Amino acid sequence: MYGRDPWGGPLEISHVDSATDDDRSRNLDLDRAALTGTSRPLDETQQSWLLAGPGDKGAKKKKYVDLGCIIVSRKIFLWTIGVVFAAAALIGFITLIVKTVPRHHHPLPPPDNYTIALHKALMFFNAQRCAFLFKARLFNTPLYLLKIFILIHFCFAAGALPKHNNVSWRGNSGMKDGISDDSVRRSLVGGYYDAGDAIKFNFPAAFSMTMLSWSVIEYSAKYEAAGELAHIREIIKWGADYFLKTFNSSADTIDRIAAQVGAGDTSGGPTPNDHYCWMRPEEMDYPRPVFECHDCSDLAAEMAAALAAASIVFKDSKTYSQKLVHGASTLWKFGRSQRARYSAGGSDAAKFYNSTSYWDEFVWGGSWMYLATGNSSYLQLATHPKMAKHAGAFWGGPDYGVLSWDNKLPGAQVLLSRLRLFLSPGYPYEEILRTFHNQTNIVMCSFLPIFKSFNRTKGGLIQLNHGRPQPLQYVVNAAFLAAVYSDYLEAADTPGWYCGPNFFPTSVLRDFARTQIDYILGDNPEKMSYVVGFGNRYPKHVHHRGASIPKNGVKYSCKGGWKWRDTKKPNPNTIVGAMVAGPDRHDGFHDVRVNYNYTEPTLAGNAGLVAALVALSGVGSGVDKNTIFSAVPPMFPTPPPPPAPWKP
């Protein structure tokens, strides 16, 4: 249909049904604009229908969830919650199935014999402790009328003992040591009694603590796996703290050391002392003299070695470690300035622990001082050719290669061989280090049955002391050296060593160590364990005053206790872990209390036993390669930077 346009042109009027989408949109805009001008207002439903676009009719409005930090679709939110709950239900269902299905539990394998024996061997040191009663009182005030007595019982003590203690049959002892001696008048309470008596000999005790520290430095992981690391550290600290009491450890220079407490010489007649009397240490009422030395190079160097080695054990406690290093330095300076043996002149100690030389202690102590401080002057001294010569490195002799409380050279040679294997310091130390390394190889060869350096009993026990009494203390030291040296070689990726033209793998050394320790633990013709408390058959008449006298409230006098020494009855108290002196050269053993050559334990013997046992215990792990060198600076300093390029 056409009409006349007012402007002169034809006007096309389209049919409503044929309107285009654009026309509808323009008309819809006009309709919306007209809403405000209508005479009759529309309700909300009508307005929402009218305002909806052509494609909006029948569409649902989306809903959202406001989570505070983010706005998400309600549908997505519900799906997420559903998935989380479904996953939790699935996990719970799986867990329920796992819990309810029967399983076969595989218990941990039982500890090996070496670990079991290690637990017991450490207990011996608890029975040898000497300590004191500490008494404290609160002031009497209206609020505090109660007097509090704090009892600390350590050595031969009952009551508040360390958790590893096994000596409930003990009480306080040695509480007047040092104080009762008019020439000393200072407390020397503490330390360890040497053997079956109550004498405190610093010389073998210092060697014992050095050996224990060495074993901890090398095998701390094994101690920890056995649950004994805290215990062995307590033992070492107890000994180190006592050594610090025996001289003026706060000074830089000293002029004396308390070398011994108690006397054992009975040649002067029936004078009451630690050997003449047979009494419980708690009941000692006889004089206990203190023996001081003013020129004792061997003792000072050995004590320095003990404190230096302990400082590495306690390197995690900086203050205490530095205190030990300072004490070791003071002792070392004293020992080097006053050249003499501590047991010279027929002293009381000479009858029991006579030192034959102080040169081996200089090599041994100098090695430990270097490892504890990193000061190269100690290494220069320990590796000086003249020092090695005086220490006996270049001559044989029947006791060559036998580590003991008197001969430290074999231990020093193994220790310095370790330095060469891992750090290889080179000049000017290489000459003697190579010599010591070769000599260590020779000593290891001498332990093997194929060589005839030492005899063996028919039962297989090596006779390192050539048939003399008390052989086991030497055997355990050799077993430790063999085991630790084999671990050194393996850690250095060295499969073995040469004995002349013959090559032997490291396993041969461990086999030697095992056979000797197995003998001690019961694999011998007597079928007897020489470690008290281990196995089904062990000595019952140990030569030990505290173990042989009952704690029954009766005080036995000096001679009154002899009846317990001489009785054929077993000891009323079991001194667990004590390694006795051992059998004779024919594998024979007499379990007789009065014969100390068979049945007396010693501090030095048990220290070597502990070291050998921990080296053989467990599976794998080997030595700690780095801890022993924690104080040693880099052998070769960082090279300087290259010079600047040359400019014309």
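Trainee: Helices are DSSP runs of H or I with at least four residues, and strands are DSSP runs of E with at least two. With that settled, what share of residues 76-98 is helix, and what share is strand?

Mentor: In this predicted model, the chain over residues 76-98 is 100% helix and 0% strand, and the C-alpha atoms at the two ends are 33 Å apart.

Trainee: And what does UniProt list for those residues?

Mentor: An unreviewed UniProt entry gives residues 76-98 as "transmembrane region", and under that name the entry also lists residues 143-161.

Trainee: OK, what about confidence, what is the average pLDDT?

Mentor: The protein has an average pLDDT of 86, with 82% of the residues scoring at least 70. Over residues 28-39, however, the pLDDT is below 50, and the model gives this stretch 9 contacts beyond near neighbours in sequence. Residues 132-161 also stay under 50 in pLDDT, and for them the model has 67 contacts beyond four places in sequence.

Trainee: Let's switch to packing. At what angle do α12 and α13 pack?

Mentor: Helix α12, which covers residues 409-422, packs against helix α13, residues 430-446, at an angle of about 120°, and their axes lie 8 Å apart. Angles of 65 to 115 degrees count as roughly perpendicular and those over 145 as roughly antiparallel, so α12 and α13 are oblique to each other. The crossing of α12 past α13 is left-handed.

Trainee: Which residues meet there?

Mentor: On the α12 side they include Gln-413, Val-414, Leu-416 and Arg-420, and on the α13 side they include Glu-430, Leu-433, Phe-436 and Met-444. Sorted by class, this contact of α12 with α13 holds 7 nonpolar, 5 polar and 3 charged residues.

Trainee: What is the peptide bond like from Tyr-427 to Pro-428, cis or trans?

Mentor: That bond is cis, with omega near 5°, and Pro-428 sits in the loop between α12 and α13.

Trainee: Where is His-466, then?

Mentor: His-466 is in the loop between α13 and α14. Although His-466 is not a glycine, its phi is positive, at about 55°.

Trainee: Back to α12: how does α9 pack with it?

Mentor: Helix α9, residues 359-373, packs with α12 at an angle of about 35°, with the two axes 8 Å apart, and α9 passes α12 in a left-handed crossing. Among the residues making the contact are Trp-364, Trp-368 and Tyr-370 of α9, together with Leu-409, Gly-411 and Leu-415 of α12. The residues of this contact of α9 with α12 divide into 10 nonpolar, 2 polar and 1 charged.

Trainee: One last pair: are α14 and α19 roughly parallel or antiparallel, and why?

Mentor: Helix α14, residues 472-491, and helix α19, residues 603-616, pack at about 30°, with their axes 8 Å apart. Angles under 35 degrees count as roughly parallel, and α14 and α19 are therefore roughly parallel to each other. Here too the crossing, that of α14 past α19, is left-handed.

Trainee: And which residues of α14 and α19 make that contact?

Mentor: Val-476, Asn-477, Phe-480 and Asp-487 are among those from α14, while α19 brings residues including Gly-605, Gly-608, Leu-609 and Ala-612. By class, the contact of α14 with α19 consists of 9 nonpolar, 4 polar and 1 charged residues.

Terms used. Residues numbered from 1 in each chain as written. Predicted model: local features only at pLDDT ≥ 70, side-chain atom pairs only at ≥ 80, totals over all residues. Heavy atoms only, no water. Axes fitted to C-alpha atoms, helices over the stretch in contact; angles between N-to-C directions. Left-handed = near helix turned anticlockwise from the far one by under 90°. Contact = heavy atoms within 4.5 Å. Nonpolar A, V, L, I, M, F, W, Y, C, P; charged D, E, K, R; others polar. UniProt positions renumbered as here; feature names shortened; annotations may be inferred. pLDDT = per-residue confidence, 0-100.
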